[in-house]
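User: Please take me through the fold shown below, one question at a time.

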Amino acid sequence: MADNAEAGSDAQITFKVKTSADSTHVITMAESASVLDLKNKLAGEDLENVPVDRQRLIYSGRVMKNDDTLATYKIKPNNIIHMVKSAASNPAPPASSANVPPPQALPTQHGIWHRQ
């Protein structure tokens, strides 16, 4: 009985991943693979070479979550998963003066602007 359960978890699914750069990849993976596994595959230099944390995968209008398996999304053979590259994450702005806006110019009595 354990063999049957394992055989079911090894079912393969072939689907397409379309990127925002209009390239399309045909990928076959186990349905038991996680979304993170797929992202790691796409992060390879032979495919998209986009870091995992910048990938957003969307299938059937839903953003796919890293911990979910591909089977969770009931991907149909040859259907398309869309990959969108997000901006590099910036967890907290540094406390440097580089991000501080310049002081505002104030008018004087003579209509000449001076900086504070």
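## Strand pairing, core and confidence

Analyst: To begin with the sheet, E1 and E5 pair in the parallel sense, and four bridges join them. This is a predicted model.

User: Which residue of E5 stands opposite Lys-18?
Analyst: Lys-18 belongs to the uncovered face of E1, along with Gln-12, Thr-14 and Lys-16. The next residue of E1, Thr-19, is listed on the covered face and has Met-83 of E5 as its bridge partner. Opposite Lys-18 in E5 stands His-82.

User: In what sense do E1 and E2 run, and how many bridges join them?
Analyst: E1 and E2 form a hairpin with four residues between them, and Asp-22 in the turn has a positive phi of about 65 degrees. One facing pair is Thr-14 and Thr-28, the latter in E2. The two strands run antiparallel, and the bridges joining them number seven.

User: What is the order of the strands in the open sheet?
Analyst: E1 pairs with E5 in the parallel sense, whereas E3 and E5 pair in the antiparallel sense over four bridges. The pairing in this open sheet of five strands is therefore mixed, and the order is E2-E1-E5-E3-E4.

User: Which strands stand at the edges of the sheet?
Analyst: An edge strand here has a single partner strand, so one side of it is left without a neighbour in the sheet. The sheet order is E2-E1-E5-E3-E4. The strands at the edges are E2 and E4 (62-63).

User: Which residue of E5 is the bridge partner of Arg-56?
Analyst: E3 covers residues 55-59 and pairs with E5 in the antiparallel sense. Ile-58 stands opposite His-82 in E5. For Arg-56, the bridge partner in E5 is Val-84.

User: What angle does the direction of H2 make with that of E3?
Analyst: H2 spans residues 35-42. H2 packs on the sheet, where it touches E1, E2, E3 and E5. Its direction and that of E3 make an angle of about 120 degrees.

User: Why are the buried residues of H2 on the same side of the helix?
Analyst: An α-helix has 3.6 residues a turn, so residues three or four places apart point the same way. In H2 the buried residues are Val-35, Leu-38, Lys-39 and Leu-42. They lie on the same side of H2 because the arc they cover around the axis is only 100 degrees.

User: Which residues touch the most other members of the largest nonpolar core?
Analyst: In soluble globular proteins, nonpolar side chains tend to be buried together. The largest nonpolar core here has 18 residues, and E1, E2, H2, E3 and E5 each supply at least two of them. Touching the most other members are Phe-15, Leu-38, Leu-57, Met-64, Leu-70, Ile-75 and Ile-81.

User: With which residues is Leu-38 in contact, leaving aside its neighbours within four places in sequence?
Analyst: Leu-38 is one of the buried residues of H2, and the buried residues of H2 pack against E1, E2, E3 and E5. With close sequence neighbours set aside, the contacts of Leu-38 are Phe-15, Ile-27, Met-29, Leu-57, Leu-70 and Ile-81.

User: Is Ile-13 buried or exposed?
Analyst: Ile-13 lies in strand E1, on its covered face. Among the residues in contact with Ile-13 are Ile-27, Met-29, Ile-75 and Pro-77. The cut-off for burial is under 20% relative accessible area; since Ile-13 has 6% relative accessibility, it counts as buried.

User: How does Ser-34 count, as buried or exposed?
Analyst: Ser-34 lies in the loop between E2 and H2. Beyond its neighbours within four places in sequence, Ser-34 is in contact with Asn-66, Asp-68, Thr-69 and Leu-70. Its relative accessibility is 16%, so Ser-34 counts as buried.

User: Over which residues does pLDDT stay under 50?
Analyst: The protein chain averages a pLDDT of 81, and 67% of the residues score at least 70. Where pLDDT is low, the predicted coordinates should not be read in detail. The stretch that stays under 50 has zero contacts beyond four places in sequence in the model, and it is residues 1-8.

Technical notes
Residues are numbered from 1 along each chain as its sequence is written. This is a predicted model: local features need pLDDT of at least 70, side-chain atom pairs count only at pLDDT 80 or more; totals for chains, interfaces and linings use all residues. Side-chain values use heavy atoms; hydrogens and water are left out. Buried means under 20% relative accessible area, exposed over 50%, partly exposed in between (1.4 Å probe, protein chains only). The arc is that of the directions from the helix axis to the C-beta atoms. Contact means heavy atoms within 4.5 Å. Two strands pair if DSSP finds at least two bridges between them. Axes are lines fitted to C-alpha atoms, for helices over the stretch in contact, and angles run from 0 to 180 degrees between N-to-C directions. A nonpolar core is a set of buried Ala, Val, Leu, Ile, Met, Phe, Trp, Tyr and Cys residues joined through side-chain atoms within 4.5 Å. pLDDT is the predictor's confidence in each residue, from 0 to 100.
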